[in-house]
Amino acid sequence: MRLSSLFGVTLREAPAGVESASHQLLLRAGFVRPIGTGLFAYLPLARRALVKIEHVLREELSAIGGQEMQLPVVLPAELAGAAGAEAARFTDRKARDLALAASWEAAIAEVVRSEIRSHRQLPQLVFHVQSQFRDELRPRAGLLNAREFTALQAFALAADDAGMQAQYGALREAWLRAFRRCALPVIMVEAGMGDAVAHRFVYLTPEGEDEIVACDACGYAADRRAATFRKPLGNAEPLRPIEKVATPDAKTIEALARFLAIPRRKTAKAVFLVATDDAAEGRQARFVFVVIRGDMEVNTAKLAAALGTTDLRPATDDEIRAAGAEPGYASPVGLAEQIHRSPLPVVVVVDDAVPASPNLVAGANVPGYHLLNTNYGRDYTAHIVADIAAAGEGDACPRCGAPLRLTQGVAVGRMRWLSASYAEAMRLAYRTADGASRPVMMASAGVGVSRLLACIAEAHHDDNGLIWPPSVAPYGVHLVALAGRDGDALAKAEALYRDLQRAGIEVLFDDRAESPGVKFADADLIGLPLRVTVAPKSLAAGGVEFKRRDAEAREIVPLGDAVEHARRMLDQMAAEVEAGAWHAL
RNA sequence: CGGGGAAUGGCGCAGAUGGCAGCGCGCACGGUUUGGGACCGUGAGGUCCCGGGUUCAAAUCCCGGUUCCCCGACCA
């Protein structure tokens with residue numbers, strides 16, 4: 001490709017308000033253009049890189065028996081896989097409800113039901129690559145969190161747990177190999193809530209919005225939403241009688257602990273939320289009264305899982321009062337008498353550390369007063385007792401007890417082992433050898449292809465521009481011609497351009513009448529792995545100049561050896577990627 | 001949806017107190033340059049986000065709306 005005719009130009013300055021390196025550089029280097037909030041046009045350079053990434057993923061999936069298929073972007077609304085506001089819904093002219101697919105699990109289940117009948121058809125691994133739309137509340141950081149993105153979704157099917165175990169392991173290794181080949185360092189983190197098996201593949205970066213807790217001592221790493229930790233339990237001590245004390249202005253746990261001169265772990269706080277998804281199904285929304293120790297925070301993802309809901313929002317002060325509680329001084333004690341006054345059904349959820357912590361200070365449900373020595377079981381009970389606390393910086397690792405570290409990252413891939421009950425709900429069954437009907441085991445796994453592109457850009461760049469690993473670079477060679485007065489260098493560059501292409505090497509040829517400074521700056525910005533310069537100066541030195549984008553060294557190679565040398569250097573770089581040398585951050 | 005900012009040639013920005021719409025970069029043409037975003041000259045390019053209002057006069061002031069960006073809750 002000639003740079004003079006490439007569709008898409010480089011920009012000297014990035015548009016205002018662009019923060020992340022990947023977003024800025026992909027814009028400046030002419031890879032993407034914004035079309036709307038969270039919506040992007042992929043220009044030819046980006047498209048080529050995406051094709052390379054998809055190629056890597058296809059190879060790895062094929063290697064473990066994956067077969068590519070395709071599912072539609074538009075699905076009947078009930079199969080579209082997104083709840084509530086994040087689904088982009090519409091109706092066709094016959095008023096049928098349709099939606100842009102936000103996930104294909106339900107759709108693939110539909111297909112599986114009709115195709116898979118016998119144990120002889122299992123196991124199976126199918127995947128597809130498709131444009132996916134999700135109406136994100138707030139897209140940001142360019143391609144790292146766009147509303148429309150390219151997703152690869154894979155579905156593993158197996159006859160039983162053992163078969164799924166093998167499939168799941170194979171997928172995990174395929175993902176890890178693919179990320180390695182893309183030169184993206186990722187860590188695998190636990191993402192399964194409770195007994196569920198799920199993992200995410202995370203590229204650690206402050207630009208990411210996924211919170212990860214990690215243990216440096218034993219290697220435990222988990223998505224914060226699913227992370228557990230060892231809770232410091234209360235000392236065994238005799239239960240003391242409740243005592244009402246005045247605590248003026250102590251509306252926060254912080255203020256309360258200071259006022260009473262006690263550690264926060266000796267307090268219980270009340271948190272109020274409203275589960276609204278039920279309302280959508282015609283049932284009434286639920287008011288959720290949460291009791292958790294004052295030294296812990298509620299993890300809404302765990303809470304949602306415990307409640308069997310997906311849609312939780314903080315309650316308003318009015319709703320709290322309507323439920324019979326006093327904001328800032330709410331108490332679980334005496335709640336039973338209050339509940340019947342609430343306009344919404346009330347669910348009381350208590351974190352499992354509370355019953356194990358005697359004599360906690362809780363609100364008195366009267367402004368300015370708290371109760372000393374409240375005890376779960378004696379003074380109040382809950383509908384649900386579960387682990388609903390968020391693990392955070394410094395909490396004890398659930399495996400080894402060492403302090404956990406809280407970091408951020410971007411999830412580029414995920415895997416989820418779907419439960420047998422999912423298969424049963426979807427009526428996915430097959431016949432065993434002896435004629436019995438069994439549920440088909442399913443696992444779903446995905447990679448955000450366009451997000452992966454952005455992560456690679458985020459991981460591999462310097463002040464001057466992008467530094468593409470050869471496996472995903474839009475072209476292997478950036479050929480720069482610096483025209484001399486006599487035009488000799490330009491003619492030789494043209495010839496080399498032709499020879500490189502004939503040798504099957506992908507070349508971007510800068511044949512423009514620009515100054516050397518502009519050409520080198522653009523070459524650095526676009527970031528192809530290998531730069532080859534043909535100039536009067538290089539010819540005088542005996543040939544053409546080779547320079548790796550990721551290194552400073554330059555070398556002159558005789559013109560006649562240039563094609564062979566380019567191939568060797570690209571092979572060399574590819575080998576380095578395979579060996580993991582590009583993984584260093 | 002809550003809170004904060006912004007909208008002026010393609011991009012980045014300036015445009016107190018209302019009074020000819022500007023600068024840098026980019027773009028086009030001519031010339032001089034050719035190893036790190038060169039120089040000279042000429043030129044094109046504007047619904048100052050949209051709609052209403054105040055005024056002799058609005059990019060500027062007022063009202064309403066739209067879009068975008070940043071901070072929180074959702075996500076590959």
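Let me begin with how residues are classed: Ala, Val, Leu, Ile, Met, Phe, Trp, Tyr, Cys and Pro count as nonpolar, Asp, Glu, Lys and Arg as charged, and the others, Gly among them, as polar. I will use those classes for the surface near RNA strand B, where a residue is near if one of its heavy atoms lies within 4 Å of the strand.

Two remarks on the source. This is a predicted model, in which local features need pLDDT of at least 70 and side-chain atom pairs count only at pLDDT 80 or more, while totals for chains, interfaces and linings use all residues. Residues are numbered from 1 along each chain as its sequence is written, chains are lettered from A and ligands numbered from 1 in the order in which they are written, and side-chain values use heavy atoms, with hydrogens and water left out.

Now the protein chain. The C-alpha atoms of chain A fill a box of roughly 100 × 65 × 50 Å along the principal axes. Chain A has 15 helices and 31 strands; these are DSSP runs, helices being H or I with at least four residues and strands E with at least two, numbered from the N terminus. Of its 585 residues, 52% count as buried, meaning under 20% relative accessible area, with exposed over 50% and partly exposed in between, for a 1.4 Å probe and protein chains only.

Chain A is assigned domain 1 (24-228 + 405-458), domain 2 (243-386) and domain 3 (464-583), with bounds from an automatic or database domain assignment. Between the C-alpha centres of domain 2 and domain 3 there are 65 Å.

Next, the RNA. Which residues come nearest to RNA strand B? Of the 46 around the strand, they are Arg134, Arg138, Ala146, Arg225 and Asp524. By class, this surface has 21 charged, 15 nonpolar and 10 polar residues. Helix H13 (516-526) is one of the elements that supply at least two residues each, and H13 gives the most, seven residues. On the RNA side, 53% of the strand's atoms within 4 Å of the protein belong to sugar or phosphate, and the rest to bases.

Some polar contacts follow; such a contact is a pair of N or O atoms within 3.5 Å, and within protein one must be able to donate a hydrogen and the other to accept it, with residues adjacent in sequence counting only if both atoms are side-chain atoms. Aspartate 524 has a polar side-chain atom 2.4 Å from a base nitrogen of RNA strand B. For arginine 200, a side-chain N or O atom is 3.0 Å from a phosphate oxygen of the strand. Lysine 537 places a polar side-chain atom 3.3 Å from a sugar or linking oxygen of RNA strand B.

Finally, two residues. Is leucine 530 buried or exposed? Leucine 530 sits in strand S29 and counts as buried because its relative accessibility is 0%. Its C-alpha atom is 44 Å from that of glycine 392, which is 138 residues away along the chain.

Asparagine 375 is in the loop between strand S19 (369-374) and strand S20 (384-386). At 3% relative accessibility, asparagine 375 also counts as buried. A polar atom of the asparagine 375 side chain lies 2.7 Å from the backbone nitrogen of asparagine 359.
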